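Work through the following exercises with the sequence and the three-dimensional view side by side. Try each task before reading its solution.

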Amino acid sequence: MIRVKFWGVRGSIPVPGPTTVRTGGNTSSVEVRCGDSLIILDAGTGIRLLGNELLKEGKIEGHIFISHVHWDHIQGFPFFGPAFSRGNKIFLYGGRNVTTTLEETLYGQMNYPNFPVMLSQLPSEISFNDLDEGEVISMGGGEVVVENVKLNHPNGVYSYKISYRGQSLVYATDTEHYANPDPKLLEFARGTDLLVYDAQYFPEEYTGSAGGGSKVGWGHSTNLEGAKMAALAKVKKLALFHHDPLHTDEMVDEKERLARETFPETVAAREGMVIELGS
Ligand SMILES: [Zn+2]
Ligand SMILES: [Zn+2]
């Protein structure tokens with residue numbers, strides 16, 4: 001069984017407050033358990049809450065896959081408790097798609113004068129792996145396999161597919177569909193059990209017909225493009241993810257309702273939500 005838990009489901013910036021209580025206000029971070037293997041997708045502010053839970057488990061070994069290094073996907077890392085505890089092993093993976101390595105970017109985020117503790121001072125054992133597109137990582141005695149493809153986003157983004165004992169999920173945040181469903185993602189997500197998809201906007205926000213200007217080229221997608229992709233790729237379940245900071249709980253409900261008209265097995269990802277794949 002693969003167990004997925006959402007700890008942060010927002011894009012761009014954390015949005016705490018009375019209008020986001022049910023959805024949650026933390027930026028992107030998702031826990032994925034495959035047997036004893038712990039995988040974490042992105043290190044937005046949601047990873048802080050996950051870290052607090054992991055501290056209760058004692059020593060951990062965790063594999064953190066970063067989709068890309070935009071702020072909302074790395075800003076929680078300096079507050080990830082297990083990184084501050086000796087004996088923990090943390091493996092970080094990112095795409096080899098920008099001019100700096102993942103280590104250089106995370107080092108910069110915590111460098112003086114931005115943060116009081118430097119990355120190099122963290123007592124846990126941290127190792128960095130910059131992935132080429134198509135590079136496959138396996139763990140858990142080879143039973144857990146993580147594949148990637150590069151998708152459409154300013155500065156690039158990696159989508160990850162995790163497979164374990166016949167179940168699989170694809171994490172495709174911060175990606176833009178352009179005119180048609182992206183053929184690369186369609187192929188990558190085909191037949192998977194869960195697709196976590198960038199649904200930052202309603203279609204009218206994306207095109208600009210709702211006012212506020214066009215968002216074409218900003219690197220994000222919509223709830224209905226997600227539903228279309230899920231239906232075409234014949235996935236079993238769709239989770240709408242990376243909600244816009246302007247979206248209230250009611251707007252997230254509405255994105256979910258409208259997507260279900262095209263793809264009934266849709267949920268809007270909300271903080272604390274757990275999805276179990278397989279038995
Ligand atoms: Zn983002
Ligand atoms: Zn981004």
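**Exercise 1.** What are the angles among the 4 donor atoms of the zinc ion (ligand 2), and is the site regular or irregular?

*Solution.* Keep in mind from the start that this is a predicted model. Begin with the donors: the protein atoms that hold the zinc ion (ligand 2) are His68 (NE2), His70 (ND1), His153 (NE2) and Asp174 (OD), at 2.1 to 2.5 Å from the metal. Next, take the angles among these 4 donor atoms, which run from 87 to 173°. Four donors would count as tetrahedral if all angles lay between 85 and 135 degrees, and the site of the zinc ion (ligand 2) is in fact classed as irregular.

Then turn to the sequence, where the donor residues of the zinc ion (ligand 2) show the spacing H-x1-H-x82-H-x20-D. Because His70 sits in the loop between β4 and β5, while His153 sits in the loop between β8 (144-151) and β9 (157-164), this pair ties together parts that are 83 residues apart in sequence. Finally, consider accessibility: His70 has a relative accessible area of 26% and is partly exposed, whereas His153, with 11%, is buried.

**Exercise 2.** Describe the site of the zinc ion (ligand 1), and find the residue that bridges it and the zinc ion (ligand 2).

*Solution.* First list the coordinating residues of the zinc ion (ligand 1), which are Asp72 (OD), His73 (NE2), Asp174 (OD) and His242 (NE2), at 2.1 to 2.2 Å. The bridging residue is Asp174, and the two zinc ions that it bridges lie 3.6 Å apart. Now locate two of the donors along the chain: His73 belongs to the loop between β4 (61-65) and β5 (89-95), and His242 to the loop between β12 (237-241) and α6 (249-262), so that this pair links distant parts of the chain, 169 residues apart. His73 counts as buried because its relative accessibility is 0%, and His242, at 0% as well, is likewise buried. As a last step, examine the angles among the 4 donor atoms of the zinc ion (ligand 1), which span 92 to 167° and make an irregular site.

**Exercise 3.** Determine which residues of helix α2 (residues 102-110) are buried, and where they lie around the axis.

*Solution.* The buried residues of α2 are Leu102, Thr105, Leu106, Gln109 and Met110. Since these residues cover an arc of only 130° around the axis, they are on the same side of α2. To complete the picture, look for what covers them, which includes β5 and β6 (125-131).

**Exercise 4.** Compare the aromatic pair Phe6 and Phe241 with the pair Phe65 and Tyr93.

*Solution.* The whole structure contains 7 aromatic pairs. In one of them, Phe6 and Phe241 have ring centres 6.0 Å apart and planes at 45°, and this pair is tilted. Phe6 lies in strand β1 (residues 2-8) and Phe241 in strand β12, which places these partners 235 residues apart. Phe6 and Phe241 are both buried.

For Phe65 and Tyr93, the centres are 4.1 Å apart with 5° between the planes, and the pair is stacked. As Phe65 lies in strand β4 and Tyr93 in strand β5, the pair ties together parts that are 28 residues apart in sequence. Phe65 and Tyr93 are buried too, and together with Tyr158 and Tyr160 they form one aromatic cluster.

Methods
Residues numbered from 1 in each chain as written. Chains lettered and ligands numbered in written order. Predicted model: local features only at pLDDT ≥ 70, side-chain atom pairs only at ≥ 80, totals over all residues. Heavy atoms only, no water. Donors = N, O, S within 2.8 Å, 3.2 Å for Na, K, Ca; no water. Tetrahedral: all angles 85-135°; square planar, octahedral: opposite > 155°, others 65-115°. Buried < 20%, exposed > 50% of the residue type's maximum accessible area, 1.4 Å probe, protein only. Helix = DSSP H or I, 4+ residues; strand = E, 2+ residues; numbered from the N terminus. Arc of directions from axis to C-beta. Contact = heavy atoms within 4.5 Å. Phe/Tyr/Trp six-rings, centres within 6.5 Å; stacked < 30°, edge-to-face > 60°.
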